[in-house]
Amino acid sequence: MITVQSLSVAYQERLVLQHLDLTVEKGEILVVVGPNGAGKSTLVRAISGVLPPRAGNIWVDGRDLWRLSPSGRARLMAVVPQARQLPAAFTVYQTVLLGRTPYLSWLGNAGQRDHAAVLLALERTRLSQLAMRRVGELSGGEQQRVLLARALAQEAPILLLDEPTTHLDLHHQSSFLNLVRTLARKQNLTVLMVLHDLNLAGLYADRVALLAEGRLFAMGKAGEVLTAENLRAVYGVPVTVIPHPQYGTPLVLPDGHANILEKSSQVSALDAA
């Protein structure tokens, strides 16, 4: 669904992405990780059509991104932005209806299909009971779900999420990411998601792309990419990577914490005996 070829993007004269190549398949969740300034958010903005490339190509569903009209891009890709940018006085329903903008006539009147898409998006994100609440009255986790519902109302086959769990507590992080994964599986969505938390990336990604200084350092299964060697090279800090005790996914720990975890497990085993 998404093919990025030799992509370079610059802010004025500063190159932020350099000669980047990656693909995201239909129904796949690709999580992009890397240090601050590695170009993660820039990649999302380039794929969504907000930033023009200095060089290279982006193909979406087999079509050249820059030959698509803005409404054509919006029918293919929906973006859940990094920060909550929601009109506080709007109701949840009104906000989610904004996702139907690419389909509205020049008069901007919503039809039966538009309202049906909104109701379905609210149901899928468990927001139906909050439909008439004003967005400014919602919690951070609820507002993040509103952003996701607005994206789902676009009925686009591709979801781009830029650090969607920022400022959410552990409960809301888990709830949100579980919802994204469920929707991706049930609707066969293509998902490209930027995350800071490496352990969340290991849990939820089908594949991981590790960026460093605007270049693709490694891409593959989480166990192949989130290795101690790769992370030390990219982040410049010593880490230990062990299998998650429950899920078997990579668990990234600062050096020294692995021994603490191992001793804790041994104590628990002795207590159980």
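Glu155 is partly exposed, with a relative accessible area of 39%. In this predicted model, Glu155 sits in the loop that connects helix 5 (140-153) to strand 7 (158-162). Its phi is near 55°, a positive value in a residue other than glycine. Most residues other than glycine have a negative phi, and most peptide bonds are trans.

**Positive phi values**

Further residues with positive phi occur in other parts of the chain. His19 belongs to strand 2 (residues 14-24), and its phi is near 50°. The relative accessibility of His19 is 53%, and because exposed means over 50%, His19 counts as exposed. Gln12 lies in the turn of a hairpin and has a positive phi of about 55°. Gly49 follows just after helix 1, with a positive phi of about 95°. The table collects these residues.

| Residue | Location | Phi |
|---|---|---|
| Gln12 | turn between strand 1 and strand 2 | about 55° |
| His19 | strand 2 (residues 14-24) | near 50° |
| Gly49 | just after helix 1 | about 95° |
| Glu155 | loop between helix 5 and strand 7 | near 55° |

**Overall form**

The protein contains ten helices and twelve strands. For its 273 residues, a compact globule would have a radius of gyration near 19 Å, and the value of 20 Å found for the protein agrees with this. The C-alpha trace spans about 70 × 50 × 30 Å along the principal axes. Of the 273 residues, 48% count as buried. The area exposed by the protein is about 13,600 Å², of which carbon and sulfur atoms supply 51%.

Among contacts between residues at least 6 apart in sequence, 64% join residues at least 24 apart. As for charge, the protein carries 26 positive and 22 negative side chains, and the centres of the two sets lie 7 Å apart.

**The open sheet and its hairpin**

An open sheet is built from four strands in the order 2-1-4-5, with antiparallel pairing. Its edges are strand 2 and strand 5 (63-64), each of which pairs on one side only. Strands of a sheet pair through backbone hydrogen bonds, either parallel or antiparallel.

Strand 1 (residues 2-11) is joined to strand 2 by seven bridges in the antiparallel sense. Within this pairing, Val9 has Leu17 of strand 2 as its bridge partner, and Ala10 stands opposite Leu15 in strand 2. Strand 1 and strand 2 together form a hairpin, with two residues between them. His19, described above as exposed, thus lies in an edge strand of this sheet.

**Helix 1**

Helix 1 (residues 40-47) is largely enclosed by the rest of the structure, because six of its eight residues are buried. The buried residues of helix 1 are Lys40, Thr42, Leu43, Val44, Ala46 and Ile47. A lysine, Lys40, is therefore included in the buried set, where buried means under 20% relative accessible area.

**The surroundings of Arg126**

Arg126 is located in the loop between helix 4 (112-124) and helix 5. Leaving aside residues up to four places away in sequence, Arg126 touches Arg145, Ser175 and Leu179. Arg126 and Ser6 are 120 residues apart along the chain, and their C-alpha atoms are separated by 40 Å.

How values were computed: Residues numbered from 1 in each chain as written. Predicted model: local features only at pLDDT ≥ 70, side-chain atom pairs only at ≥ 80, totals over all residues. Heavy atoms only, no water. Rg over C-alpha atoms; globule rule 2.2 N^0.38 Å. Buried < 20%, exposed > 50% of the residue type's maximum accessible area, 1.4 Å probe, protein only. Contact = heavy atoms within 4.5 Å. Areas by Shrake-Rupley, 256 points an atom, 1.4 Å probe, with all protein chains shown as cover. Lys, Arg positive; Asp, Glu negative; His and termini not counted. Charge placed at Lys NZ, Arg CZ, Asp CG, Glu CD. Pairing = 2+ DSSP bridges.
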